[in-house]
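Trainee: Could you take me through one part of this protein slowly? I would like to look closely at the nonpolar core and what surrounds it.

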Amino acid sequence: MSQPEHDPIEELIAFASRVDACMIPPEVLGFQTKRLLDNLGCMAAGYEESGVNAALKLARRWSGCGEAHVLGSQEKLAAPQAAFVNAVRARALDFCDVLSPGWHPGSSDIPVALAAAELSGASGLETLAALAVAQDFGQRINLAAQAKGFFYRGFDSNILGLFSGVVIAARLLKLNLQQFRDAVGLAFDYGIGTFQHYQDKTLAVRFGQGLVARHALEAAMLAQEGISGPRRVLCGENGFFNLYAPGKPDLNILTQRLGVDFLGEEATCFKLYPHCSILLAMTDTLLNTPVPEKYLLDPRTRLKLKASPTMRMVCGSSYSPSLTPEIDAQFSARYIIANALLRGRATPNEFSAVAAQDPLVVAFAQRIEIEEVAAFDRFDRFELTLWAADGDELTLASAYGRGWPENAANMQEIRDKFMICCQLSPCTTFREYANVVLQHIEQFAEAPSVMPLLHVLR
């Protein structure tokens with residue numbers, strides 16, 4: 001690939017820095033409202049999950065001022081640290097929105113947006129517009145990189161959140177064009193994460209979004225102070241595409257219908273179950289298909305899962321709960337099958353440490369054989385066959401789980417999810433003021449600032 005001095009990131013930055021909030025179509029702003037509501041619900045449900053207390057303890061140590069709220073409390077920390085804690089909570093249950101291949105934009109974008117808006121006094125409209133422009137920015141880079149193959153080299157694609165997060169921060173902090181450029185370059189320079197934390201089932205999974213949110217704000221603040229960042233972010237010798245894209249990128253995608261189409265909604269999955277998005281079709285199918293008890297109660301029943309290569313790689317390891325049983329459960333096809341068949345539900349309660357170690361569920365999960373099927377090109381495609389002791393056979397198969405754009409969750413389902421998350425939350429504020437928060441979110445585009453919403457959430 002040739003290495004032009006003029007990097008194509010420049011066109012994206014020029015547009016992202018200048019487009020007026022009033023130019024964003026109402027339906028695009030409405031979609032960002034949906035993201036905001038969904039992620040506040042995820043934050044409520046993940047409020048005290050494993051890893052959160054450590055995140056809060058460290059954020060307090062790292063803060064030298066009170067700029068932005070830790071949502072659900074009256075505590076204020078430095079804006080990057082508040083965003084860090086809020087993002088860890090939003091990602092903790094793996095219940096947050098996701099774009100293929102594994103980018104969880106909302107659980108870093110929303111904490112960045114609320115912290116930056118609180119810091120700058122931005123309006124609801126400005127905040128939603130920043131979210132829309134930033135998601136479009138990140139998704140164009142994502143699609144360009146995937147033009148010649150699946151966007152995967154072992155890195156955690158949440159690195160894309162550094163692009164969207166810094167665009168949000170740069171817009172809301174009102175950086176000038178040069179500062180905007182530097183902020184994007186600095187954010188790219190923070191590139192972090194690999195898929196290994198999924199395979200090894202560690203708490204690092206929950207911290208990726210926190211680090212992305214913190215670094216995005218820090219990059220914007222560094223640029224605001226005159227610190228310069230890399231310029232050839234996308235096409236430099238060590239730029240994004242050379243480091244991460246599986247083949248030659250399609251640079252035309254970066255600016256195709258730029259300012260006309262705001263990308264994001266067409267690719268976003270809103271999860272209705274708190275586990276890896278690769279397994280959503282599986283849970284949805286098993287919960288909605290009657291399975292005779294003879295397949296479930298007899299230990300002689302044989303079970304075999306045929307899985308896509310991606311499903312096998314991310315979620316196909318043997319199920320043996322470790323020091324982080326919640327993570328083991330969220331990223332285990334075997335656990336997801338056992339949970340759905342034996343319990344008939346998949347709420348945050350079924351992904352607690354206690355639930356993940358239930359001896360009956362663990363034993364059932366360990367009986368499941370998994371076979372990778374190369375022909376399953378859709379990552380969430382699966383086929384589960386059960387053989388009863390009497391010779392009867394039952395096969396369940398599906399793809400495109402509920403929540404993915406091809407089988408989209410509607411706004412009412414997101415409202416219902418938000419209310420369930422708040423009801424289950426250990427945070428009194430979210431439990432008692434869920435309906436008030438919902439009202440504020442539905443009027444957010446007209447809010448003169450984010451403060452009325454944040455006042456409820458403390």
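Mentor: Happily; we will begin with the core, go on to its helices and rings, and end with a few residues elsewhere.

Please keep in mind that this is a predicted model. The largest nonpolar core has 110 residues. Those with the most contacts inside it are Leu40, Phe137, Ile141, Phe163, Leu234, Phe240 and Phe241. Which helix gives the most to this core? That is helix H6, residues 124-145, with 11 residues. There is also a second, separate core, made of 52 residues, and Tyr319, Phe382, Leu396 and Trp404 are included in it.

Let us pick out Leu40 from the largest core. Leaving aside residues up to four places away in sequence, Leu40 touches Leu71, Leu114, Phe418, Phe430, Val437, Ile441, Leu453 and Leu457. Leu40 is also one of the H2 residues that meet helix H5, along with Arg35, Leu36, Asn39 and Met43. On the H5 side, the residues are Gly106, Ser107, Asp109, Ile110, Pro111 and Leu114.

How do these two helices sit against each other? Helix H2 (residues 26-45) and helix H5 (residues 106-120) pack at an angle of about 100°, and their axes are 10 Å apart. Angles of 65 to 115 degrees count as roughly perpendicular, so H2 is roughly perpendicular to H5. The residues of this contact divide into 6 nonpolar, 3 polar and 2 charged.

Now for the rings. The count comes to 14 aromatic pairs. In one of them, the ring centres of Phe137 and Phe163 are 6.4 Å apart and the planes are at 45°, so the pair is tilted. Phe137 lies in helix H6 and Phe163 in helix H7 (residues 160-172), so this pair ties together parts that are 26 residues apart in sequence. Phe137 and Phe163 are both buried. Ring pairs link these two with Phe188, Phe240, Phe241 and Tyr244 into a cluster.

For a contrasting geometry, try Tyr335 and Phe351. Their pair is edge-to-face, with 5.7 Å from centre to centre and 65° between the planes. Tyr335 lies in helix H16 (residues 333-343), while Phe351 is in the loop between H16 and helix H17 (353-356), so the pair ties together parts 16 residues apart in sequence. Tyr335 and Phe351 are buried too.

Trp404, which you met in the second core, gives us a way to the next residues. Cys269, found in strand S4 (residues 268-269), touches Asp97, Val98, Leu280, Gly403, Trp404 and Pro405, again not counting residues up to four places away in sequence. With 0% relative accessibility, Cys269 counts as buried. Ser277 sits in the loop between S4 and helix H12 (280-287), and its contacts, counted in that way, are Asp94, Val98, Lys271 and Trp404. Ser277 is buried, at 8% relative accessible area.

Follow that last set of contacts to Asp94, in the loop between helix H4 (79-91) and strand S3 (98-99). At 1% relative accessibility, Asp94 is buried. Most residues other than glycine have a negative phi. Asp94, though, has a positive phi near 50°. Tyr400 has a positive phi as well, about 55°. Tyr400 lies in the loop between strand S8 (393-398) and helix H19 (411-424), and with 40% relative accessible area it is partly exposed.

Notes:
Residues are numbered from 1 along each chain as its sequence is written. This is a predicted model: local features need pLDDT of at least 70, side-chain atom pairs count only at pLDDT 80 or more; totals for chains, interfaces and linings use all residues. Side-chain values use heavy atoms; hydrogens and water are left out. A nonpolar core is a set of buried Ala, Val, Leu, Ile, Met, Phe, Trp, Tyr and Cys residues joined through side-chain atoms within 4.5 Å. Buried means under 20% relative accessible area, exposed over 50%, partly exposed in between (1.4 Å probe, protein chains only). Helices (H or I, at least four residues) and strands (E, at least two) are DSSP runs, numbered from the N terminus. Contact means heavy atoms within 4.5 Å. Axes are lines fitted to C-alpha atoms, for helices over the stretch in contact, and angles run from 0 to 180 degrees between N-to-C directions. Angles under 35 degrees count as roughly parallel, over 145 as roughly antiparallel, 65 to 115 as roughly perpendicular and the rest as oblique. Ala, Val, Leu, Ile, Met, Phe, Trp, Tyr, Cys and Pro count as nonpolar, Asp, Glu, Lys and Arg as charged, and the others, Gly among them, as polar. Rings of Phe, Tyr and Trp (its six-membered ring) pair if their centres lie within 6.5 Å; planes under 30 degrees apart count as stacked, over 60 as edge-to-face and the rest as tilted.
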